[in-house]
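The report that follows describes the fold in running text, moving from helix packing to the sheet and then to single residues. Please keep the sequence and the structure in view while reading.

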Amino acid sequence: MKQAGRNDGRTQKGRMEMRRGGEISRGNTDEKTRRSPKGKTPEGRTSTGRTPIGSFPTGRTQGLSYGSAGKERFPDGKKTGSGAAGSKSCGAHESRGAYGSRGLHGARTARLMASSPCPVSGKCGGCQYLHLSYEQQLEKKKRMLREALGEYRVLSGIIWMEHPYHYRNKVHAAFDHDRKGNPISGVYQEGTHEVVPVESCLIEDEKADAIIGSIRSLLPSFKIKTYDEDTGYGLLRHVMVRRGFVSGEIMVVLVTASPILPSKNHFVKALLKLHPEITTIIQNVNDRATSMVLGERETVLYGKGYIEDTLCGLTFRISSKSFYQVNPVQTQKLYQKAIEYAGLTGEEVVVDAYCGIGTIGLAAAGNAAQVIGVELNADAVKDAVVNARRNGIRNARFYQGDAGEFLRRMADAKERADVIFLDPPRTGSTKEFIEAAASVGAKKIVYISCNPQTQARDLKVFERMGYGVKKGMGVDMFPWTEHVETVVLMSRVKD
Ligand code: SAH
(Lines give C-alpha, C1' and ligand atoms only; values in the text may rest on other atoms or scores of the structure.)
Protein backbone atom coordinates (compact mmCIF):
# COMPACT_ATOMS: atom_id res chain seq x y z
CA MET A 1 0.00 0.00 0.00
CA LYS A 2 1.33 3.35 -0.88
CA GLN A 3 0.24 6.53 0.65
CA ALA A 4 -0.37 8.85 -2.20
CA GLY A 5 1.44 11.82 -0.87
CA ARG A 6 4.60 9.77 -0.77
CA ASN A 7 4.03 8.11 -4.05
CA ASP A 8 6.98 7.52 -6.32
CA GLY A 9 5.05 8.97 -9.17
CA ARG A 10 4.53 5.68 -10.95
CA THR A 11 1.73 6.32 -13.38
CA GLN A 12 -1.11 3.93 -13.74
CA LYS A 13 -1.76 3.35 -17.33
CA GLY A 14 -5.32 2.33 -17.25
CA ARG A 15 -8.52 2.66 -19.00
CA MET A 16 -10.78 5.54 -18.59
CA GLU A 17 -13.70 6.53 -20.52
CA MET A 18 -15.46 9.26 -22.09
CA ARG A 19 -18.67 9.75 -23.75
CA ARG A 20 -21.11 12.44 -24.45
CA GLY A 21 -24.27 10.73 -23.38
CA GLY A 22 -23.55 9.42 -19.94
CA GLU A 23 -20.19 8.72 -18.50
CA ILE A 24 -19.85 5.16 -19.54
CA SER A 25 -17.05 3.27 -18.01
CA ARG A 26 -15.86 5.25 -15.11
CA GLY A 27 -12.38 4.33 -15.64
CA ASN A 28 -8.82 5.00 -15.03
CA THR A 29 -6.34 7.27 -16.58
CA ASP A 30 -7.19 8.24 -20.05
CA GLU A 31 -10.19 8.39 -22.17
CA LYS A 32 -11.39 6.43 -25.05
CA THR A 33 -13.10 8.00 -27.95
CA ARG A 34 -16.59 7.07 -28.81
CA ARG A 35 -17.01 4.65 -31.60
CA SER A 36 -19.49 2.00 -32.30
CA PRO A 37 -21.03 0.26 -29.33
CA LYS A 38 -20.90 -2.82 -31.50
CA GLY A 39 -17.72 -2.17 -33.33
CA LYS A 40 -14.44 -0.68 -32.36
CA THR A 41 -14.83 0.14 -28.72
CA PRO A 42 -16.95 3.21 -28.37
CA GLU A 43 -16.10 4.98 -25.16
CA GLY A 44 -14.28 1.89 -24.24
CA ARG A 45 -17.05 -0.57 -24.85
CA THR A 46 -16.23 -3.63 -26.87
CA SER A 47 -18.70 -5.65 -28.86
CA THR A 48 -18.74 -8.08 -26.02
CA GLY A 49 -18.25 -5.32 -23.53
CA ARG A 50 -21.14 -6.17 -21.25
CA THR A 51 -20.09 -8.09 -18.27
CA PRO A 52 -22.05 -11.29 -18.08
CA ILE A 53 -24.30 -11.15 -15.07
CA GLY A 54 -23.26 -13.48 -12.37
CA SER A 55 -19.66 -13.70 -13.40
CA PHE A 56 -16.77 -11.59 -12.33
CA PRO A 57 -14.70 -10.04 -15.04
CA THR A 58 -11.03 -10.72 -15.02
CA GLY A 59 -10.37 -7.35 -16.56
CA ARG A 60 -12.60 -4.34 -16.30
CA THR A 61 -15.27 -4.01 -18.94
CA GLN A 62 -18.49 -2.12 -19.23
CA GLY A 63 -22.23 -2.54 -19.05
CA LEU A 64 -25.47 -0.58 -18.71
CA SER A 65 -27.62 1.48 -16.31
CA TYR A 66 -31.20 2.02 -15.08
CA GLY A 67 -33.52 4.17 -12.88
CA SER A 68 -37.06 4.92 -11.37
CA ALA A 69 -38.95 8.11 -10.43
CA GLY A 70 -39.42 10.87 -7.87
CA LYS A 71 -38.56 14.49 -7.30
CA GLU A 72 -35.86 15.79 -5.09
CA ARG A 73 -35.33 19.06 -3.35
CA PHE A 74 -32.67 20.41 -1.15
CA PRO A 75 -33.49 20.44 2.55
CA ASP A 76 -34.50 24.07 2.36
CA GLY A 77 -37.01 23.23 -0.31
CA LYS A 78 -34.98 24.90 -3.00
CA LYS A 79 -35.10 23.15 -6.32
CA THR A 80 -32.04 21.15 -7.02
CA GLY A 81 -31.72 21.53 -10.73
CA SER A 82 -31.05 25.23 -10.73
CA GLY A 83 -27.34 25.47 -10.42
CA ALA A 84 -27.28 25.16 -6.68
CA ALA A 85 -24.49 22.59 -6.66
CA GLY A 86 -21.69 23.66 -4.48
CA SER A 87 -23.78 25.99 -2.46
CA LYS A 88 -24.85 23.18 -0.19
CA SER A 89 -22.94 20.82 1.94
CA CYS A 90 -23.33 17.08 1.48
CA GLY A 91 -23.12 16.55 5.22
CA ALA A 92 -25.30 13.85 6.64
CA HIS A 93 -27.20 16.23 8.87
CA GLU A 94 -28.32 18.38 6.07
CA SER A 95 -29.38 15.62 3.82
CA ARG A 96 -30.96 13.25 6.28
CA GLY A 97 -34.63 12.93 5.57
CA ALA A 98 -34.38 15.83 3.21
CA TYR A 99 -35.83 14.32 0.11
CA GLY A 100 -39.49 14.06 -0.51
CA SER A 101 -40.18 11.70 -3.33
CA ARG A 102 -43.02 12.79 -5.55
CA GLY A 103 -44.50 10.53 -8.14
CA LEU A 104 -43.54 10.90 -11.73
CA HIS A 105 -46.98 12.23 -12.63
CA GLY A 106 -46.29 15.21 -10.45
CA ALA A 107 -43.16 15.95 -12.37
CA ARG A 108 -44.62 18.77 -14.35
CA THR A 109 -41.36 20.46 -15.15
CA ALA A 110 -40.08 17.23 -16.56
CA ARG A 111 -42.64 17.10 -19.33
CA LEU A 112 -40.16 17.99 -21.96
CA MET A 113 -40.97 16.50 -25.26
CA ALA A 114 -38.04 15.67 -27.43
CA SER A 115 -39.19 16.96 -30.80
CA SER A 116 -36.13 16.23 -32.96
CA PRO A 117 -33.82 18.06 -30.59
CA CYS A 118 -30.58 16.90 -32.18
CA PRO A 119 -29.48 17.15 -35.81
CA VAL A 120 -26.96 14.31 -35.52
CA SER A 121 -29.05 11.94 -33.45
CA GLY A 122 -29.02 9.22 -36.09
CA LYS A 123 -25.26 9.23 -36.35
CA CYS A 124 -23.92 10.10 -32.94
CA GLY A 125 -25.56 7.43 -30.82
CA GLY A 126 -24.67 9.09 -27.54
CA CYS A 127 -28.26 9.80 -26.55
CA GLN A 128 -30.38 6.69 -26.87
CA TYR A 129 -33.55 8.33 -25.56
CA LEU A 130 -33.88 11.34 -27.84
CA HIS A 131 -37.22 10.09 -29.11
CA LEU A 132 -38.69 10.02 -25.61
CA SER A 133 -40.00 12.77 -23.36
CA TYR A 134 -38.12 13.13 -20.11
CA GLU A 135 -41.02 11.48 -18.30
CA GLN A 136 -40.86 8.52 -20.63
CA GLN A 137 -37.13 8.28 -20.14
CA LEU A 138 -37.61 8.10 -16.40
CA GLU A 139 -40.29 5.46 -16.79
CA LYS A 140 -37.96 3.39 -18.90
CA LYS A 141 -35.15 3.76 -16.42
CA LYS A 142 -37.52 2.84 -13.65
CA ARG A 143 -38.32 -0.38 -15.49
CA MET A 144 -34.65 -1.13 -15.93
CA LEU A 145 -34.14 -0.51 -12.25
CA ARG A 146 -36.94 -2.93 -11.40
CA GLU A 147 -35.51 -5.55 -13.70
CA ALA A 148 -32.02 -5.37 -12.24
CA LEU A 149 -32.71 -4.73 -8.58
CA GLY A 150 -36.47 -5.07 -8.10
CA GLU A 151 -36.14 -8.15 -5.92
CA TYR A 152 -34.89 -5.98 -3.07
CA ARG A 153 -38.17 -4.07 -2.84
CA VAL A 154 -36.48 -1.23 -1.02
CA LEU A 155 -35.70 0.97 -3.97
CA SER A 156 -37.48 4.24 -3.59
CA GLY A 157 -37.43 5.91 -6.95
CA ILE A 158 -35.18 8.07 -8.99
CA ILE A 159 -33.83 11.51 -8.31
CA TRP A 160 -34.47 13.27 -11.55
CA MET A 161 -33.01 16.38 -13.03
CA GLU A 162 -34.97 19.57 -13.04
CA HIS A 163 -33.40 20.97 -16.19
CA PRO A 164 -32.01 17.99 -18.04
CA TYR A 165 -29.99 19.87 -20.65
CA HIS A 166 -26.38 20.89 -21.17
CA TYR A 167 -25.36 19.12 -18.02
CA ARG A 168 -22.11 17.62 -19.23
CA ASN A 169 -19.29 19.66 -17.75
CA LYS A 170 -16.74 17.73 -19.77
CA VAL A 171 -16.90 17.82 -23.53
CA HIS A 172 -14.70 16.03 -25.93
CA ALA A 173 -14.45 16.50 -29.68
CA ALA A 174 -12.57 14.44 -32.23
CA PHE A 175 -10.93 16.50 -34.97
CA ASP A 176 -10.64 15.63 -38.63
CA HIS A 177 -11.04 17.38 -41.98
CA ASP A 178 -13.62 17.17 -44.72
CA ARG A 179 -12.85 16.31 -48.34
CA LYS A 180 -11.85 19.89 -49.06
CA GLY A 181 -9.41 19.84 -46.19
CA ASN A 182 -11.48 22.06 -43.90
CA PRO A 183 -11.24 21.15 -40.23
CA ILE A 184 -14.26 19.50 -38.68
CA SER A 185 -14.90 18.43 -35.10
CA GLY A 186 -17.46 16.26 -33.45
CA VAL A 187 -18.10 12.65 -32.58
CA TYR A 188 -17.26 9.42 -34.29
CA GLN A 189 -20.17 8.04 -36.23
CA GLU A 190 -21.31 4.82 -34.68
CA GLY A 191 -19.29 1.90 -35.95
CA THR A 192 -16.78 4.03 -37.81
CA HIS A 193 -13.90 6.39 -37.39
CA GLU A 194 -15.74 9.02 -39.40
CA VAL A 195 -16.13 12.27 -37.52
CA VAL A 196 -19.67 13.58 -37.61
CA PRO A 197 -19.49 17.37 -37.31
CA VAL A 198 -21.21 18.66 -34.17
CA GLU A 199 -21.81 22.35 -33.58
CA SER A 200 -23.82 22.10 -30.43
CA CYS A 201 -25.32 19.37 -28.32
CA LEU A 202 -28.37 18.98 -26.15
CA ILE A 203 -26.47 17.68 -23.17
CA GLU A 204 -23.06 19.31 -23.41
CA ASP A 205 -21.98 22.50 -21.77
CA GLU A 206 -22.68 25.25 -24.28
CA LYS A 207 -19.60 27.25 -23.48
CA ALA A 208 -17.44 24.18 -24.08
CA ASP A 209 -19.06 23.66 -27.47
CA ALA A 210 -18.42 27.31 -28.36
CA ILE A 211 -14.74 26.97 -27.44
CA ILE A 212 -14.38 23.86 -29.56
CA GLY A 213 -15.97 25.76 -32.47
CA SER A 214 -13.50 28.61 -31.98
CA ILE A 215 -10.54 26.26 -31.97
CA ARG A 216 -11.77 24.78 -35.22
CA SER A 217 -12.07 28.20 -36.81
CA LEU A 218 -8.57 29.23 -35.68
CA LEU A 219 -6.78 26.20 -37.10
CA PRO A 220 -6.39 27.30 -40.76
CA SER A 221 -4.83 30.67 -39.96
CA PHE A 222 -2.28 28.96 -37.72
CA LYS A 223 -1.69 26.24 -40.28
CA ILE A 224 -2.50 23.60 -37.71
CA LYS A 225 -3.63 20.47 -39.51
CA THR A 226 -6.03 17.99 -38.04
CA TYR A 227 -4.66 14.51 -37.56
CA ASP A 228 -5.42 11.86 -40.14
CA GLU A 229 -5.68 8.42 -38.58
CA ASP A 230 -5.07 6.63 -41.84
CA THR A 231 -1.95 8.43 -42.95
CA GLY A 232 -0.67 9.53 -39.56
CA TYR A 233 -0.27 13.01 -41.04
CA GLY A 234 -1.44 16.12 -39.20
CA LEU A 235 -1.41 17.27 -35.61
CA LEU A 236 -4.64 17.97 -33.73
CA ARG A 237 -6.48 14.81 -32.71
CA HIS A 238 -8.94 15.84 -30.04
CA VAL A 239 -9.97 18.70 -27.84
CA MET A 240 -11.33 18.20 -24.36
CA VAL A 241 -12.95 21.00 -22.41
CA ARG A 242 -13.81 20.79 -18.74
CA ARG A 243 -15.73 23.48 -16.95
CA GLY A 244 -16.13 23.99 -13.24
CA PHE A 245 -19.84 24.22 -12.62
CA VAL A 246 -19.61 26.59 -9.69
CA SER A 247 -16.18 28.13 -10.23
CA GLY A 248 -16.68 28.68 -13.96
CA GLU A 249 -13.01 27.77 -14.44
CA ILE A 250 -12.38 26.24 -17.84
CA MET A 251 -9.69 23.78 -18.90
CA VAL A 252 -8.91 23.22 -22.56
CA VAL A 253 -6.83 20.18 -23.47
CA LEU A 254 -5.40 20.09 -26.99
CA VAL A 255 -4.52 16.51 -27.81
CA THR A 256 -1.84 16.46 -30.48
CA ALA A 257 -0.06 13.67 -32.31
CA SER A 258 3.34 15.26 -31.77
CA PRO A 259 4.80 17.65 -29.20
CA ILE A 260 5.46 20.36 -31.76
CA LEU A 261 2.60 22.82 -31.90
CA PRO A 262 3.48 25.58 -34.39
CA SER A 263 3.19 29.15 -33.09
CA LYS A 264 1.63 27.83 -29.93
CA ASN A 265 1.98 31.09 -28.02
CA HIS A 266 0.13 32.99 -30.72
CA PHE A 267 -2.49 30.28 -30.91
CA VAL A 268 -3.04 30.39 -27.18
CA LYS A 269 -3.26 34.17 -27.29
CA ALA A 270 -5.79 34.09 -30.10
CA LEU A 271 -7.91 31.53 -28.27
CA LEU A 272 -7.83 33.53 -25.05
CA LYS A 273 -8.84 36.63 -26.94
CA LEU A 274 -11.95 34.85 -28.14
CA HIS A 275 -12.55 33.19 -24.78
CA PRO A 276 -10.99 35.11 -21.90
CA GLU A 277 -12.98 32.85 -19.58
CA ILE A 278 -10.57 29.97 -20.26
CA THR A 279 -8.40 29.55 -17.18
CA THR A 280 -5.95 26.90 -18.32
CA ILE A 281 -4.77 25.36 -21.59
CA ILE A 282 -2.90 22.08 -21.74
CA GLN A 283 -1.23 20.30 -24.59
CA ASN A 284 -1.49 16.55 -24.26
CA VAL A 285 0.62 14.46 -26.62
CA ASN A 286 -0.91 11.24 -27.85
CA ASP A 287 1.31 9.69 -30.50
CA ARG A 288 -0.11 6.19 -30.19
CA ALA A 289 -2.38 4.44 -32.65
CA THR A 290 -5.10 4.04 -30.08
CA SER A 291 -8.70 4.86 -29.39
CA MET A 292 -7.70 6.42 -26.08
CA VAL A 293 -8.09 10.17 -26.18
CA LEU A 294 -5.33 11.25 -23.84
CA GLY A 295 -1.68 10.37 -24.01
CA GLU A 296 0.80 10.35 -21.15
CA ARG A 297 2.77 13.53 -21.73
CA GLU A 298 1.38 16.95 -20.97
CA THR A 299 2.60 20.53 -21.15
CA VAL A 300 0.77 23.41 -19.57
CA LEU A 301 0.51 26.16 -22.17
CA TYR A 302 -1.46 28.58 -20.04
CA GLY A 303 -2.69 28.83 -16.46
CA LYS A 304 -2.21 26.39 -13.63
CA GLY A 305 -2.82 23.10 -15.47
CA TYR A 306 -5.96 22.12 -13.60
CA ILE A 307 -9.31 23.60 -12.66
CA GLU A 308 -11.03 23.80 -9.33
CA ASP A 309 -14.69 23.37 -8.67
CA THR A 310 -16.99 23.38 -5.69
CA LEU A 311 -19.09 20.41 -4.75
CA CYS A 312 -20.82 19.79 -1.44
CA GLY A 313 -19.32 23.00 -0.08
CA LEU A 314 -15.75 21.80 -0.73
CA THR A 315 -13.27 22.89 -3.35
CA PHE A 316 -11.81 20.19 -5.57
CA ARG A 317 -8.84 20.30 -7.85
CA ILE A 318 -9.45 18.40 -11.06
CA SER A 319 -6.66 17.58 -13.46
CA SER A 320 -7.10 16.52 -17.04
CA LYS A 321 -6.82 12.78 -16.48
CA SER A 322 -8.74 12.47 -13.24
CA PHE A 323 -12.26 11.17 -13.14
CA TYR A 324 -14.81 13.76 -12.11
CA GLN A 325 -18.54 13.18 -12.36
CA VAL A 326 -19.87 14.86 -15.49
CA ASN A 327 -23.17 16.10 -14.11
CA PRO A 328 -22.42 18.23 -11.05
CA VAL A 329 -26.02 19.11 -10.26
CA GLN A 330 -26.99 15.47 -9.94
CA THR A 331 -23.67 14.46 -8.41
CA GLN A 332 -24.34 16.63 -5.43
CA LYS A 333 -27.70 14.94 -4.92
CA LEU A 334 -26.08 11.54 -5.31
CA TYR A 335 -23.41 12.26 -2.71
CA GLN A 336 -25.97 13.75 -0.36
CA LYS A 337 -28.01 10.59 -0.57
CA ALA A 338 -24.96 8.36 -0.13
CA ILE A 339 -23.82 10.25 2.97
CA GLU A 340 -27.32 10.28 4.36
CA TYR A 341 -27.46 6.49 3.92
CA ALA A 342 -24.18 6.08 5.78
CA GLY A 343 -25.71 7.72 8.87
CA LEU A 344 -22.33 8.79 10.19
CA THR A 345 -21.98 9.91 13.79
CA GLY A 346 -18.41 11.21 13.74
CA GLU A 347 -16.98 8.05 15.29
CA GLU A 348 -16.53 5.93 12.20
CA VAL A 349 -13.55 4.81 10.19
CA VAL A 350 -14.75 5.27 6.63
CA VAL A 351 -13.28 3.77 3.47
CA ASP A 352 -13.92 5.59 0.20
CA ALA A 353 -13.10 2.95 -2.39
CA TYR A 354 -12.66 3.83 -6.06
CA CYS A 355 -12.47 7.36 -4.74
CA GLY A 356 -11.33 9.33 -7.80
CA ILE A 357 -10.22 12.75 -6.58
CA GLY A 358 -11.64 12.02 -3.13
CA THR A 359 -15.00 13.73 -3.51
CA ILE A 360 -17.21 11.35 -1.53
CA GLY A 361 -14.74 10.68 1.27
CA LEU A 362 -13.91 14.34 1.72
CA ALA A 363 -17.59 15.29 1.69
CA ALA A 364 -18.12 12.70 4.44
CA ALA A 365 -14.98 13.52 6.44
CA GLY A 366 -16.68 16.10 8.62
CA ASN A 367 -18.93 13.39 10.01
CA ALA A 368 -16.31 10.67 10.37
CA ALA A 369 -13.37 9.93 12.64
CA GLN A 370 -11.16 8.94 9.76
CA VAL A 371 -11.42 8.59 6.00
CA ILE A 372 -9.26 6.23 3.96
CA GLY A 373 -9.50 6.62 0.20
CA VAL A 374 -8.19 4.21 -2.40
CA GLU A 375 -7.98 4.75 -6.13
CA LEU A 376 -6.08 3.22 -9.03
CA ASN A 377 -5.37 6.37 -11.03
CA ALA A 378 -2.26 8.06 -9.67
CA ASP A 379 -3.21 11.52 -10.97
CA ALA A 380 -6.58 11.32 -9.28
CA VAL A 381 -4.95 10.26 -6.00
CA LYS A 382 -2.61 13.22 -6.16
CA ASP A 383 -5.63 15.45 -6.68
CA ALA A 384 -7.34 13.81 -3.69
CA VAL A 385 -4.36 14.51 -1.42
CA VAL A 386 -4.27 18.14 -2.55
CA ASN A 387 -8.03 18.37 -2.12
CA ALA A 388 -7.87 17.22 1.48
CA ARG A 389 -5.23 19.84 2.24
CA ARG A 390 -7.01 22.51 0.22
CA ASN A 391 -10.12 22.06 2.36
CA GLY A 392 -8.27 21.80 5.66
CA ILE A 393 -9.34 18.18 6.11
CA ARG A 394 -6.87 16.37 8.33
CA ASN A 395 -8.62 13.07 8.92
CA ALA A 396 -8.38 11.76 5.35
CA ARG A 397 -5.61 9.71 3.74
CA PHE A 398 -5.47 8.51 0.17
CA TYR A 399 -3.71 5.53 -1.30
CA GLN A 400 -3.00 4.50 -4.83
CA GLY A 401 -3.75 0.94 -5.78
CA ASP A 402 -6.38 -1.63 -6.61
CA ALA A 403 -9.29 -1.26 -4.20
CA GLY A 404 -9.75 -5.00 -3.65
CA GLU A 405 -6.11 -5.63 -2.98
CA PHE A 406 -5.93 -2.63 -0.68
CA LEU A 407 -8.90 -3.73 1.39
CA ARG A 408 -7.59 -7.28 1.61
CA ARG A 409 -4.30 -5.95 2.94
CA MET A 410 -6.21 -3.87 5.45
CA ALA A 411 -8.01 -7.03 6.55
CA ASP A 412 -4.73 -8.98 6.71
CA ALA A 413 -3.28 -6.24 8.89
CA LYS A 414 -6.35 -6.56 11.16
CA GLU A 415 -7.36 -3.00 10.42
CA ARG A 416 -11.03 -2.16 10.82
CA ALA A 417 -13.48 -0.03 8.88
CA ASP A 418 -17.00 0.82 9.99
CA VAL A 419 -18.48 2.19 6.79
CA ILE A 420 -17.41 1.58 3.22
CA PHE A 421 -18.43 3.72 0.29
CA LEU A 422 -17.69 2.05 -2.99
CA ASP A 423 -18.15 3.61 -6.38
CA PRO A 424 -16.52 1.26 -8.87
CA PRO A 425 -16.37 1.51 -12.65
CA ARG A 426 -19.05 -0.12 -14.76
CA THR A 427 -17.48 -3.51 -14.35
CA GLY A 428 -18.42 -3.40 -10.71
CA SER A 429 -16.34 -4.56 -7.81
CA THR A 430 -14.58 -7.85 -7.20
CA LYS A 431 -15.04 -10.85 -4.94
CA GLU A 432 -11.76 -9.96 -3.31
CA PHE A 433 -13.06 -6.52 -2.42
CA ILE A 434 -16.39 -7.78 -1.08
CA GLU A 435 -14.86 -10.52 1.03
CA ALA A 436 -12.33 -8.06 2.42
CA ALA A 437 -15.14 -5.59 3.19
CA ALA A 438 -16.64 -8.22 5.48
CA SER A 439 -13.23 -9.06 6.95
CA VAL A 440 -12.53 -5.46 7.99
CA GLY A 441 -15.82 -5.58 9.86
CA ALA A 442 -17.76 -2.97 7.90
CA LYS A 443 -21.19 -2.50 9.41
CA LYS A 444 -22.54 -0.45 6.55
CA ILE A 445 -21.79 -0.49 2.86
CA VAL A 446 -22.94 2.31 0.59
CA TYR A 447 -22.63 1.10 -2.97
CA ILE A 448 -22.80 3.69 -5.74
CA SER A 449 -22.95 2.27 -9.22
CA CYS A 450 -23.39 3.30 -12.82
CA ASN A 451 -24.28 -0.23 -13.85
CA PRO A 452 -27.19 -1.99 -12.12
CA GLN A 453 -26.29 -5.31 -13.64
CA THR A 454 -22.85 -5.56 -12.11
CA GLN A 455 -24.23 -3.97 -8.96
CA ALA A 456 -26.92 -6.67 -8.72
CA ARG A 457 -24.25 -9.33 -9.21
CA ASP A 458 -22.12 -7.78 -6.45
CA LEU A 459 -25.06 -7.39 -4.06
CA LYS A 460 -25.55 -11.14 -4.21
CA VAL A 461 -21.96 -11.63 -3.05
CA PHE A 462 -22.43 -9.08 -0.28
CA GLU A 463 -25.52 -11.01 0.81
CA ARG A 464 -23.49 -14.21 0.96
CA MET A 465 -20.99 -12.35 3.11
CA GLY A 466 -23.69 -11.43 5.65
CA TYR A 467 -25.06 -8.12 4.37
CA GLY A 468 -28.65 -7.17 3.67
CA VAL A 469 -29.90 -4.48 1.28
CA LYS A 470 -31.75 -1.80 3.25
CA LYS A 471 -32.39 1.08 0.90
CA GLY A 472 -31.69 2.17 -2.60
CA MET A 473 -32.34 4.93 -5.05
CA GLY A 474 -31.64 5.85 -8.64
CA VAL A 475 -30.15 9.16 -9.64
CA ASP A 476 -30.56 10.35 -13.20
CA MET A 477 -27.09 11.60 -13.93
CA PHE A 478 -27.41 11.14 -17.67
CA PRO A 479 -30.73 12.38 -19.09
CA TRP A 480 -31.39 11.45 -22.74
CA THR A 481 -29.22 8.39 -22.39
CA GLU A 482 -29.97 4.91 -21.14
CA HIS A 483 -27.63 5.33 -18.20
CA VAL A 484 -28.53 5.88 -14.58
CA GLU A 485 -26.62 5.89 -11.36
CA THR A 486 -27.79 4.04 -8.24
CA VAL A 487 -26.99 4.23 -4.59
CA VAL A 488 -27.72 1.26 -2.34
CA LEU A 489 -27.29 0.90 1.40
CA MET A 490 -26.43 -2.47 2.88
CA SER A 491 -25.87 -3.28 6.49
CA ARG A 492 -24.41 -6.24 8.27
CA VAL A 493 -27.16 -8.64 9.28
CA LYS A 494 -25.10 -11.60 10.43
CA ASP A 495 -21.52 -12.27 11.45
N1 SAH B 1 -15.96 8.13 -6.48
C2 SAH B 1 -15.38 8.96 -7.50
C3 SAH B 1 -14.90 8.18 -8.71
C4 SAH B 1 -15.83 7.16 -9.26
S5 SAH B 1 -15.40 6.59 -10.84
C6 SAH B 1 -16.34 10.04 -7.91
O7 SAH B 1 -17.52 10.01 -7.58
O8 SAH B 1 -15.91 10.97 -8.59
C9 SAH B 1 -14.57 5.10 -10.54
C10 SAH B 1 -13.14 5.30 -10.14
O11 SAH B 1 -12.59 4.01 -9.90
C12 SAH B 1 -12.25 5.96 -11.19
O13 SAH B 1 -11.62 7.08 -10.62
C14 SAH B 1 -11.24 4.88 -11.55
O15 SAH B 1 -9.97 5.40 -11.84
C16 SAH B 1 -11.24 4.03 -10.30
N17 SAH B 1 -10.83 2.64 -10.45
C18 SAH B 1 -11.02 1.81 -11.49
N19 SAH B 1 -10.60 0.57 -11.21
C20 SAH B 1 -10.12 0.60 -9.94
C21 SAH B 1 -9.55 -0.37 -9.07
N22 SAH B 1 -9.39 -1.62 -9.47
N23 SAH B 1 -9.18 0.02 -7.84
C24 SAH B 1 -9.35 1.30 -7.43
N25 SAH B 1 -9.88 2.26 -8.21
C26 SAH B 1 -10.26 1.92 -9.45
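In this predicted model, helices α3 and α11 count as roughly parallel to each other, because their axes cross at roughly 25° and an angle under 35 degrees falls into that class. Helix α3 covers residues 134-149 and helix α11 residues 452-464, and their axes come within 9 Å. The crossing in which α3 passes α11 is right-handed. On the side of α3 the contact is made by M144, L145, A148 and L149, and on the side of α11 by P452, Q453 and A456. Sorted by character, the residues of this contact comprise six nonpolar, one polar and no charged.

A second pair of helices, α4 and α5, can be described in the same terms. Helix α4 spans residues 206-218 and helix α5 residues 264-274; their axes come within 10 Å and cross at roughly 135°, and the two helices are therefore oblique to each other. This crossing is right-handed. Here S214, I215 and L218 of α4 meet F267, A270, L271 and L274 of α5, and the residues of the contact divide into six nonpolar, one polar and no charged.

The table sets out the two helix pairs.

| Helix pair | Axes come within | Crossing angle |
|---|---|---|
| α3 and α11 | 9 Å | roughly 25° |
| α4 and α5 | 10 Å | roughly 135° |

The sheet comes next. Seven strands, in the order β5-β4-β3-β6-β7-β8-β9, form an open sheet with mixed pairing. Strands β5 (195-197) and β9 (297-302) stand at its edges, and because each has a single partner strand, one side of each is left without a neighbour in the sheet. From one strand to the next, the twist averages 35°. Helix α4 packs on this sheet, where it touches β3 (170-177), β4, β6 (236-243), β7 (250-256) and β8 (278-285), and the direction of α4 makes about 150° with that of β6.

Within the sheet, strand β4 can be followed from one partner to the other. Strand β4 comprises residues 183-188 and pairs with β5 in the antiparallel sense over three bridges, while four bridges join β3 to β4, and these two strands also run antiparallel. In the pairing of β3 with β4, H177 has P183 of β4 as its bridge partner. In the pairing of β4 with β5, G186 has P197 of β5 as its bridge partner, and V187 stands opposite V196 in β5. Both connections are hairpins: five residues lie between β3 and β4, with G181 in the turn at a positive phi of about 90°, and six residues lie between β4 and β5, with G191 in the turn at a positive phi of about 80°. Strand β4 is mostly covered, since five of its six residues are buried.

Two residues other than glycine also deserve a look for their backbone angles. Most residues other than glycine have a negative phi. S263, however, has a positive phi near 35°; this residue lies in the loop between β7 and α5, and it counts as partly exposed because 13 C-beta neighbours lie inside 10 Å. K414 likewise has a positive phi, near 60°, and its place is in the loop between α9 (403-412) and β15 (419-422). With 9 other C-beta atoms within 10 Å, K414 is exposed.

Is G122 buried or exposed? With 11 C-beta neighbours inside 10 Å, G122 counts as exposed, and it lies in helix α2, which covers residues 121-124. Although G122 and Q189 are 67 residues apart in sequence, their C-alpha atoms are 8.9 Å apart in space.

For the protein as a whole, the secondary structure comes to 11 helices and 18 strands. Of its 495 residues, 57% count as buried. Among contacts between residues at least 6 apart in sequence, 70% join residues at least 24 apart.

Definitions and conventions:
Residues are numbered from 1 along each chain as its sequence is written. This is a predicted model: local features need pLDDT of at least 70, side-chain atom pairs count only at pLDDT 80 or more; totals for chains, interfaces and linings use all residues. A residue is buried if 20 or more other C-beta atoms lie within 10 Å of its own, exposed if 12 or fewer, and partly exposed in between; C-beta atoms are placed from the backbone. Two strands pair if DSSP finds at least two bridges between them. Axes are lines fitted to C-alpha atoms, for helices over the stretch in contact, and angles run from 0 to 180 degrees between N-to-C directions. Two residues are in contact if their C-beta atoms, placed from the backbone, lie within 7 Å. Angles under 35 degrees count as roughly parallel, over 145 as roughly antiparallel, 65 to 115 as roughly perpendicular and the rest as oblique. A crossing is left-handed if the near helix is turned anticlockwise from the far one by less than a right angle, and right-handed if clockwise. Ala, Val, Leu, Ile, Met, Phe, Trp, Tyr, Cys and Pro count as nonpolar, Asp, Glu, Lys and Arg as charged, and the others, Gly among them, as polar.
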